[in-house]
Amino acid sequence: MAAQTIIARRVAQELRPGNLVNLGIGIPTLVANFVPAGLNVFFQSENGLIGTGPIPEQGMRHPFLTDAGGRPISALPGAATFDSAMSFGLIRGGHVDITVLGGLQVDTAGHLANWMIPGKMVPGMGGAMDLVSGAKRVIIAMQHAAKGKSKIVVKCNLPLTSTRPVDLVVTDLAVIAFPGGKATLWETAPGISIAEVL
């Protein structure tokens, strides 16, 4: 099974009935594919939509219905659209239950760096700063390592997204929480040893 699938499938287990959930760019967008049958959650796109649906069929795309990464999405019956100011009012006002974001680094205190890749031009951090600060629960969905280096680090050396620590990190190897500001291994992925996680 692909690492992204392992991660997205495990994150989906954290969703609860009626949650308003924001999915960031990359692996987080896959979480919607693994929502357990019968679980009713509401996905929010920070550009102004609650009630996002699956990727539309060929020829059925609408230019105004996109996720945070600009990829086409659909709207489920009963969906609501609104402007970006209202969307960020929901985010900054603490009305988003869970945000699932990607990460470049998370340190042992739960601080996240997810918006600047050294040597690459990026447009900025987007809504990540607002989401980490405003969502009730922050889950990071990322691969455990990149180019042979762990993305779980003692201290982030990339710019932090927020001073608020995240609640949970789900990787292809482990689930890590941060009670009391300390990285705590909650579980390992099937067939993965603690030594491999370390």
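This is a short talk on the fold, the burial and a few residue environments of one protein.

Before the details, the basis. The model is predicted, so to speak of local features I need pLDDT of at least 70, and side-chain atom pairs count only at pLDDT 80 or more, while totals for chains, interfaces and linings use all residues. Residues are numbered from 1 along each chain as its sequence is written, and side-chain values use heavy atoms, with hydrogens and water left out.

Overall shape comes first. The protein has 198 residues and a radius of gyration of 16 Å, which agrees with the value near 16 Å for a compact globule. That radius is taken over C-alpha atoms, and the globule rule is 2.2 Å times the number of residues to the power 0.38. The C-alpha trace spans about 45 × 35 × 30 Å along its principal axes.

On secondary structure, there are five helices and 14 strands. Both are DSSP runs numbered from the N terminus: helices are H or I with at least four residues, strands are E with at least two.

Now surface and burial. The exposed area is about 10,400 Å², and carbon and sulfur atoms supply 60% of it. Areas come from the Shrake-Rupley method with a 1.4 Å probe, and for residues only the protein chains shown count as cover. Of the 198 residues, 45% count as buried. Buried means under 20% relative accessible area, exposed means over 50%, and partly exposed is in between, with a 1.4 Å probe and protein chains only.

For contacts, the criterion is heavy atoms within 4.5 Å. Taking contacts between residues at least 6 apart in sequence, 62% join residues at least 24 apart.

Charges next. There are 15 positive and 12 negative side chains, and the centres of the two sets lie 5 Å apart. Lys and Arg count as positive, Asp and Glu as negative, with His and the chain ends not counted. Each charge is placed at NZ of Lys, CZ of Arg, CG of Asp or CD of Glu.

Let me move to helix α1, residues 3-12. Which of its residues are buried? They are Ala3, Ile7, Ala8, Arg10, Val11 and Ala12. As background, an α-helix has 3.6 residues a turn, so residues three or four places apart point the same way. The cover over the buried residues of α1 includes helix α2 (27-30) and the strands β5 (98-101), β8 (137-141), β12 (168-170), β13 (174-177) and β14 (184-188).

Within that helix, Ala3 has a relative accessible area of 17% and is therefore buried. Leaving aside neighbours within four places in sequence, Ala3 is in contact with Gln143 and Asp172. Ser45 is 42 residues from Ala3 in sequence and 24 Å away in space, C-alpha to C-alpha.

Thr171 sits in the loop between β12 and β13. Thr171 counts as buried because its relative accessibility is 4%. Its side chain and that of His144 are joined by a polar contact of 2.8 Å. A polar contact is a pair of N or O atoms within 3.5 Å; within protein, one must be able to donate a hydrogen and the other to accept it, and residues adjacent in sequence count only if both atoms are side-chain atoms. Beyond four places in sequence, Thr171 is in contact with Ile7, Met142, Gln143 and His144.

A second polar contact involves Asp130, in helix α4, residues 128-134. What does the side chain of Asp130 make a polar contact with? The partner is the side chain of Arg92, at 2.7 Å. Asp130 is at 13% relative accessibility, so it counts as buried. With neighbours within four places left aside, Asp130 is in contact with Phe88, Ile91, Arg92 and Ala135.

Two strand residues follow. Trp186, in strand β14, is in contact with Leu168, Val175, Ile176 and Ala177, again excluding neighbours within four places. Val153 is in strand β11, residues 152-153, and counts as buried because it is at 17% relative accessibility. Not counting residues up to four places away, Val153 touches Gln105, Val106, Asp107 and Thr108. Val153 and Thr108 are 45 residues apart in sequence and 6.3 Å apart in space, C-alpha to C-alpha.

Last, a backbone item. Lys147 has a positive phi of about 55° although it is not a glycine. Lys147 lies in the loop between β9 (145-146) and β10 (149-150). Is Lys147 buried or exposed? With a relative accessible area of 87%, Lys147 is exposed.
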